[in-house]
Each structure stands twice: as structure tokens, then as C-alpha cells.
Amino acid sequence: MKVALAGFLHETNTFAPDPADMAAFQAGGGYVPFVKGAGMFEALRSVNLGMSGALGVAAEKGWDTVPVLWAGAIPSALVTEQAFEQILGDIVEGIRAAGPLDGVFLDLHGAMVADHVDDGEGEIAARVRAVVGPDVPIAAALDLHGNISQAFVDTVDVLVGFRTYPHIDMADTGASAARLLDQLMRTGQRPAKAFRQMSYLVPIPFQSTDLSPARALYEGLETVEADGALTASLFMGFPAADIPDCGPCAIAFADTQEAADRAADAIAASYEAVESDFDNVTYQPDDAVAYARAAAGAGPIVIADTQDNPGAGGVSATTGMLRALVDANARSAAIGLIVDPETARQAHAAGQGATARFRIGGHAALPDILPVEVEAEVAFLSDGKMQATGPYYGGTHLDFGPSACLRIGGVSVVVTSRIAQMADREMFRFVGVEPEEQAILVVKSSTHFRADFTPIAREIIVAVAPGPMPFNPADLPFTRLREGLRLCPNGPAFKTARADPGTP
Ligand SMILES: [Zn+2]
């Protein structure tokens, strides 16, 4: 079986400040950096990504594998037209050059928007389909946050979405999709499919499958498959995307249309039934710190600084939580990552052990977010090269560039030159901060941190410090959603602006 494998992933926050250009895909930002051809085997084999699982199945099934390319950038604003066309152009050309194929495996996100294309994955699938023709099966692995379109579902032959958030099953999902592709190639089977979009958005931190009600919704997929679906997926959707296909959906594949419809209807109904159960609590920054300081017991209180989560378009440089820790004179507290290349450079210039004045944090695109101006000790310096060993990153090597731990009284600040989501305990440890020994840990993450921090946390709470990624989708200035979509559980419904006929 000759199979082409390609990956092109981006979660696009259409409200975020920084676009995803070629440099962003080359950096990776927590993903594996851009890699082409045979280099994919080494770069992707043993990490937690959809392509890793597919490469494992390719070896196990003895496929004649054609590795085309893999490109992923950290969530941010729109993918530039130049980057989209260059990467997709290379994918299409690589598939064309491979000659006749038995199948295509695509590792995608599901929520990519480009400057000139609303439905990134729909466009990728359409162009790949145009090259391979109608008969070659195309399988896709997708992120749980996909904002999936009918056009995309129509174009691929099978797809599988992640079932965990934190996404500890990325490689497993890629393996599932690859096994289904193998089945389709060998049998010639083309399953019936059903697609349902649901009626309300959920704030990112409360989509976690560690929490109720999402945990039970995802467990329910196994029941649906036992009842006759070949594979079934529930997508929570990525709310910060002002496009008509934003939001959750259910997708099922089965031998008959009736079975696929029944499965998708069951998933959609289960989602609609739990709307009132998404009723979790958030804290203002000062209240979060006060709560953490008052809480009794052993192990750190972990505070998710959700509105600056770079996994959803944050810059990982806002200062509301840092200021709250410093103002409260917190002890045994640590916060990370603050991405601030200039402060990192100054810390390296000052030297380990030095004390100096710094302006920590802030971002050019967010003029209302002021740096914290403060005297701090350079407690630790690093070149930024480290390996993230927790279950989310799964052994990925990251390079943050010049990095430091700055200490302000009892508050340790992890400062880096490059961005990735704080979702691994090693991302504190590489600058000398032992996370297990802290009383308070503030993480620039909404949910992925849970995979590595839940085992050591006394408790996890969610704070809403000022930042570029509003916690509540109802606070986003949407203009292009589909009519009637509720912006949060039991929240207001989106209405398109219409001319008022009563106005002269
Ligand atoms: Zn995701």
C-alpha cells in the first residue's frame, strides 16, 4: 500500500494579535518545527502528535510510506496567504510527485483560518482530492477543537478527533485514523457519514475532559461505536473564530447511512442535554492569589491564567497575575512563561546572582497591558534548550532561546525569548524552579497543563486576568457566526446585524 502522509496544523484565533507566517511554522512553538520528506521519521516518531501515531501504523502495516511534510504553528491570528499557499502548495506537489497512491493520511487541526480562506481544512482536503481523484481514500486525524465544515466532511473518507483535553491522545488518534485508512484501502469500503452542528459554545477551560460534563460526553462515544458506528467524534470547537462553522459538532461514520445518522444524532443530543452542567467558577487575579494563600493543605494551588493562554492565541506575556502575586507579596510562588526577549537578554547581560531593575512582560500588540517595573534578582540563567517530558508534550524537545528565572521577593518568574504553552513541569525546572516545592503556580494555559500538574496540585482554579483571549466567548466581538448559535452555555444567541426597517 503506497500512502502519502502530510500534516498542516493551526488553531486560528481570528481575534488574536499575531498572524501565523512561515517563520511561525518553522519555529513550531511547542509543535515540532517544520519538517519535510524523510526527516519526518526522525522528528515525529516518538512524540505525542497525530503524525507520530500514523507513522507507527505505517511501519506496523508495512506501507510504502511517502512522507511529504509536516508543519504546525502555535495558535495565533490568521495564517498568512503566503504561508498557506507555500505549505499547501508543497503538500499538493509532493502528493502529485509520488505518483499513483493507495491512500492519503492528513494530520490536521480543524480550526485553521487563512487570510483568504475561512475553511482551512476544507481547502486542504479539496486540493488533495483534486490531485488524487475520487477513488483514493483520504483519512484525517483532527484536534478536539476543530471547527469542522460540511465541505471538509464531504471530501474526506474517514476522520477521527481527539477524545481528551488535555490532548494526551494525539498520537493514539493518529494511529486510529491510520488503521481506518488501512481498512478502507484493503476492503475498498467507503463508509456512510453524518455531520451535526450543535447550538452553543463552551469556554475553553471548562471543555476539559478531566471535568464534568465533558468527561461523560467523551466516554459516551464508546457506547455510540459499540452501537454500530465505525468511528464517532465529538468536536468541542474553538470558540475564538469568527467564521460560520465555529462551534461544536458531531461526526459519525458507519456501514449504512441510517447507522451513521443514528450515531451523530445520539452524540449531538447528549451534548445538548448537558448545557446547564457547564457552570464552573472563575476568579479575578487578586482573588485567585488570596484564595491560594488562604487554602490549607500540601502541594501547590495551580492557577490557570486562561485569558493569556498561547494555546488559544494568547501572547504569554500579560502581567495581571504577576502583578497580583507581587502586590500580595506572595511566598513560594512561581509564574510562567513570560515571553519577553528583551528582559531575558538583560538578565543574561546582568549575570546570574545580579540584582537589577526590569520591565517584565507586556506585548506590542496589547498597549493596555503594562509591564511590571520592578527590582529583581537573576536567580537562574538558561540557553532555553529543554525536553518537555510530561504527558501532553510527550518528550518534545523545545528551544526557548535565552531564558531566566527572575526572583521578586518570594515570586519566581520564568522569562523566555520564545513561546510555547506552559503545560509541563520541566518548563519550570529548566530555570531552577522546582514546581512541587511551590505553594502557588500560575500557568499560562487553559487546560493542557492539567496533564502534568494535576498529579501535584492541591487544587486547580481558573483566573481571568486581562488578556487577549476572553474566557467567555460571549465577550468576543463576533460578526460572522451562524444565526442562533448561543455564545456560551445558556448564553445569548448570535444575531446577524440587520437594517432596522423602522429607521428612516
Ligand atoms: Zn485543541
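# Exercises on a predicted model

The largest cavity has a lining of 25 residues, and those nearest its centre are Tyr-31, Pro-75, Tyr-392, Gln-421 and His-448. The model is predicted. Work through the exercises with the structure open.

## Exercise 1: The largest cavity

Task: State the volume of the largest cavity and the classes of residue in its lining.

Solution.
Step 1. Count the cavities. The whole structure holds 2 cavities of 30 Å³ or more.
Step 2. Take the volume. The largest cavity has about 310 Å³.
Step 3. Sort the lining by class. The largest cavity is lined by 11 nonpolar, 12 polar and 2 charged residues.
Step 4. Look at one lining residue, Tyr-392. Tyr-392 is buried, and so is Tyr-393.

## Exercise 2: The largest pocket

Task: Find which residues lie closest to the centre of the largest pocket, and which elements help to line it.

Solution.
Step 1. Start with the volume. The largest pocket has about 620 Å³.
Step 2. Go to the centre. The pocket is lined by 31 residues, and Ala-27, Gly-29, Ile-74, Arg-418 and Ile-419 are the closest to its centre.
Step 3. Name the elements. At least two lining residues come from helix H1 (22-27), and at least two from strand S15 (396-399).
Step 4. Sort by class. The lining of the largest pocket has 19 nonpolar, 9 polar and 3 charged residues.

## Exercise 3: The zinc site

Task: List the protein donors of the zinc ion and explain why its site is irregular.

Solution.
Step 1. List the donors. Asp-143 gives two OD entries, His-145 gives ND1 and His-167 gives NE2. These donors lie 2.1 to 2.7 Å from the zinc ion.
Step 2. Read the spacing. In sequence it is D-x1-H-x21-H.
Step 3. Place two of the donor residues. Asp-143 is in the loop between strand S5 (138-142) and helix H6 (150-155). His-167 is in the loop between strand S6 (158-161) and helix H7 (170-187). The two are 24 residues apart, and the pair links distant parts of the chain. Both Asp-143 and His-167 are buried.
Step 4. Test the angles. Among the 4 donor atoms they run from 52 to 144°. Four donors count as tetrahedral if all angles lie between 85 and 135 degrees. The zinc site falls outside that range, so it is not tetrahedral. The site is classed as irregular.

## Exercise 4: Aromatic pairs

Task: Describe the pair formed by Tyr-200 and Phe-278, and say whether its two residues are buried or exposed.

Solution.
Step 1. Set the scene. The whole structure has 11 aromatic pairs.
Step 2. Read the geometry. Tyr-200 and Phe-278 are edge-to-face, 6.2 Å centre to centre, with 65° between the planes.
Step 3. Place the residues. Tyr-200 is in the loop between strand S7 (192-197) and helix H8 (214-226). Phe-278 is in the loop between helix H9 (257-273) and helix H10 (285-294). They are 78 residues apart.
Step 4. Apply the cut-off. Buried means under 20% relative accessible area. Tyr-200 is at 0%, so it is buried. Phe-278 is at 8%, so it is buried too.
Step 5. Compare another pair. Tyr-392 and Tyr-393 are also edge-to-face, at 4.8 Å centre to centre and 70° between the planes.

## Exercise 5: Around helix H11

Task: Name the buried residues of helix H11 and place Val-315.

Solution.
Step 1. Helix H11 covers residues 320-327, and its buried residues are Gly-320, Met-321, Leu-322, Ala-324 and Leu-325.
Step 2. Val-315 sits in the loop between strand S10 (301-305) and H11. Its relative accessible area is 6%, so Val-315 is buried.
Step 3. Just after H11, Asn-329 has a positive phi of about 50°.

Key
Residues are numbered from 1 along each chain as its sequence is written. This is a predicted model: local features need pLDDT of at least 70, side-chain atom pairs count only at pLDDT 80 or more; totals for chains, interfaces and linings use all residues. Side-chain values use heavy atoms; hydrogens and water are left out. Donors are N, O and S atoms within 2.8 Å of the metal (3.2 Å for Na, K and Ca); water is not among the atoms, so sites may look incomplete. Four donors count as tetrahedral if all angles lie between 85 and 135 degrees; four count as square planar and six as octahedral if opposite donors are over 155 degrees apart and all others between 65 and 115; anything else is irregular. Helices (H or I, at least four residues) and strands (E, at least two) are DSSP runs, numbered from the N terminus. Buried means under 20% relative accessible area, exposed over 50%, partly exposed in between (1.4 Å probe, protein chains only). Rings of Phe, Tyr and Trp (its six-membered ring) pair if their centres lie within 6.5 Å; planes under 30 degrees apart count as stacked, over 60 as edge-to-face and the rest as tilted. On a 1 Å grid over the protein atoms alone, a cavity is a set of points where a 1.4 Å probe fits but cannot get out, and a pocket is an open set with protein on both sides within 12 Å along at least five of seven lines; lining residues have an atom within 4 Å of a point. Grid points are joined across faces, edges and corners, and a volume is the space filled by probe spheres set on the points. Ala, Val, Leu, Ile, Met, Phe, Trp, Tyr, Cys and Pro count as nonpolar, Asp, Glu, Lys and Arg as charged, and the others, Gly among them, as polar.
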